[in-house]
Amino acid sequence: MPPVFSRIGRALWRGCPLPCLLFSLCLLTASGARAQSAFEACPRPQAGSVAQPPPELRSQNGVLEVHFSFRTFTDAAGVSRYCYLTSDGSQAPTLRLRPGDLLVLHFKNDLPAVGAALPMHSHDARPGACTGASTMTASSTNLHFHGLVIPPKCHQDETVTTLLQPSSPEFEYRFRVPKDHPPGLYWYHPHPHGFSEAQVLGGASGAMIIEGIERANPLVSGLPERLLIVRDQRVESPATKPDPNQPGKDLSLNFVPVSYPGYTPAVLTIKPGQREFWRVLNASADTYLDLQVLFGGKPQYLGVVGLDGVPIRYGTPNAEKHILWESHVLLPPAGRAEFVVNGPATGVDAQLITQAVETGPPGDADTASPASTPAADDDNTPSRPLARILVKDSDGNDGGADQSVRATSALPVYQGQPENASSFPPLAEATPVRQRRIYFSEKPRDPKNPNATMQFFITEEGHTPKVFDSSSRVPDIVVHQGDVEDWLIENRSSETHAFHIHQTHFLVLERHGVPVREPYLRDTINVPYWDGFTPDYPSIKLRLDFRDPAIVGTFPYHCHILQHEDGGMMGLIRVEPAEKSTGPAKSNSAKTPAGR
Ligand SMILES: [Cu+2]
């Protein structure tokens, strides 16, 4: 890229002020096609630079209206980037909404119309399918609002029949955040079956914040807030021969690449001893994180106040009990953690790292051919740094860091109605109307070929394992609105999986048959791998909440390792209206999406 264009890209990336934007736009207009290609480059910061906060868009007068253009760009190394650009050139902005706000998101798929066609059955275009599309290609996309408790309806959070092609007209997403929605960190990403992994690896993701966590937990009130988004991507410089230390994927922090083999960390600047509120999103397609903050090599306690967008002990009194002090935080792909960090003193060597995560024995054949990847293990998740935490003293001396770093802003004070989550019956005390056993399993496509790629299944016990059929609208599981169910999720394969269900949060009741009392809800949970000989499969018992009257319709549950989801590890659940329900289901009726 010519220097002038890379400067424009960087300027747009940093969200330059109006005169600068006008100047950049003049340059873009005057330079025609070449400038256009720079604009489409999904610009990314250099390795070792400051992890700038993403641009932010806040609702005004109860409405946030935004235009997204979905773009792709192939970089010099041949790696595909994907990005969401707003009309002013901001990339992957954080959408900040208050409970009760309306989001209107105008979405245009501006990918080139290429890609391997995957014809779907003709009945897919039948009336009732959201966008009527009949063919899915690598250029198809859509949006999922991960973790939000909003209806699985067309134009809201519907991912099964919403397929947006490059030829599709602009599509409007329009939904209101429920007034009693838990405050915290959520995110948006594409969800076209078969192509989600490639788009998310390319960087297609952004954060959403539902305001008001300082009312659920006054301990974070007034703290400087820092949003950190970890993404994974194809390894930039693979080893030329098998290297057991090569990660399956490279990582980035707020798009600053932290790449194998050097792992040059990004930079975070902080005032000495400053207490901050960190919100961390694992927007990786496939990669687990096990976060730690180290001072002089020693792990520090992190005060966790929220997981997967829901405050700890949400809706209960005694704020001081709403904090879990942890020396590390495991985040499966799609997981979020919000925690308090006590900053280091001047002169302390401080780092944010991810520890190694064992996802199963090496050598599984997830990818097309072992010969195509010199990594010994396509899932390898070694320990590596993410950021150097640089103490910036009171004189402003930051040890040579980028002076342009935007100060972390204090949490906005949310002046809404008092939260009413506490008035709902806790999920822990609800009576389940049904138990189900659901299991993850895998099988080589060609059992005679040890190098064959795998097929991935998520199956209810008693049914035949099958890969997800994107042409089918037949739900795998049917429940009724008002029901609470207990699901035992087993892992019968030799690698970890991350269970996720749309539209609702769940409570973890047992881990490997041992009851636990976890005072928080999740929407994505790790299920450890089976070692191949222990008689019992590793399992997690969950309490699923279908009580919310707004959550009626068909939506997916799946493994959130997107390689597995694209490979078939997904099913559909239909929540029928309550009036068709029989038996004791209505006894659990409540208005809450997630109260406990
Ligand atoms: Cu999986």
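A residue is called buried here when its relative accessible area is under 20%, exposed when that value is over 50%, and partly exposed in between. With that cut-off in hand, let us walk through this predicted model, starting with Arg 96. Its relative accessibility is 1%, so Arg 96 counts as buried.

What does Arg 96 pair with? Arg 96 forms a salt bridge with Glu 225, and the closest N and O atoms are 2.9 Å apart. The two partners come from distant parts of the chain: Arg 96 belongs to strand 4 (residues 94–97), while Glu 225 belongs to strand 12 (residues 225–233), 129 residues apart. Glu 225 has a relative accessibility of 7%, and because this is under 20%, Glu 225 counts as buried too.

This pair also has company. Arg 96 and Glu 225 take part in a network of salt bridges that links them with Glu 56, Arg 58, Glu 211, Arg 279 and Glu 338. Side chains of opposite charge can pair when their charged atoms come close. Across the whole structure there are 28 salt bridges.

Stay in strand 4 for a moment, where Leu 97 is also found. Is Leu 97 buried or exposed? With a relative accessible area of 0%, Leu 97 is buried. If you leave aside the neighbours within four places in sequence, Leu 97 is in contact with Ser 59, Leu 64, Leu 102, Leu 103, Val 177, Met 208, Ile 209, Ile 210 and Glu 211. Glu 211 may look familiar, as it is one of the residues in the salt-bridge network. Ile 209 deserves a look as well: Leu 97 and Ile 209 are 112 residues apart in sequence, but their C-alpha atoms are 6.2 Å apart in space.

Now move along the chain to Arg 434, which has two acidic partners to visit. One of them is Asp 483, which forms a salt bridge with Arg 434 in which the closest N and O atoms are 3.8 Å apart. Here again distant parts of the chain are linked, with Arg 434 in strand 26 (residues 434–444) and Asp 483 in strand 29 (residues 483–491), 49 residues apart. The other is Glu 485, whose side chain meets that of Arg 434 in a salt bridge of 2.2 Å, N to O. Glu 485 also lies in strand 29, so its pairing with Arg 434 in strand 26 ties together parts that are 51 residues apart in sequence.

How accessible are these three residues? Asp 483 is buried at 1% relative accessible area, and Glu 485 is buried at 0%. Arg 434, by contrast, is partly exposed, with a value of 33%.

Key:
Residues numbered from 1 in each chain as written. Predicted model: local features only at pLDDT ≥ 70, side-chain atom pairs only at ≥ 80, totals over all residues. Heavy atoms only, no water. Salt bridge = Lys/Arg side-chain N within 4 Å of Asp/Glu carboxyl O. Helix = DSSP H or I, 4+ residues; strand = E, 2+ residues; numbered from the N terminus. Buried < 20%, exposed > 50% of the residue type's maximum accessible area, 1.4 Å probe, protein only. Contact = heavy atoms within 4.5 Å.
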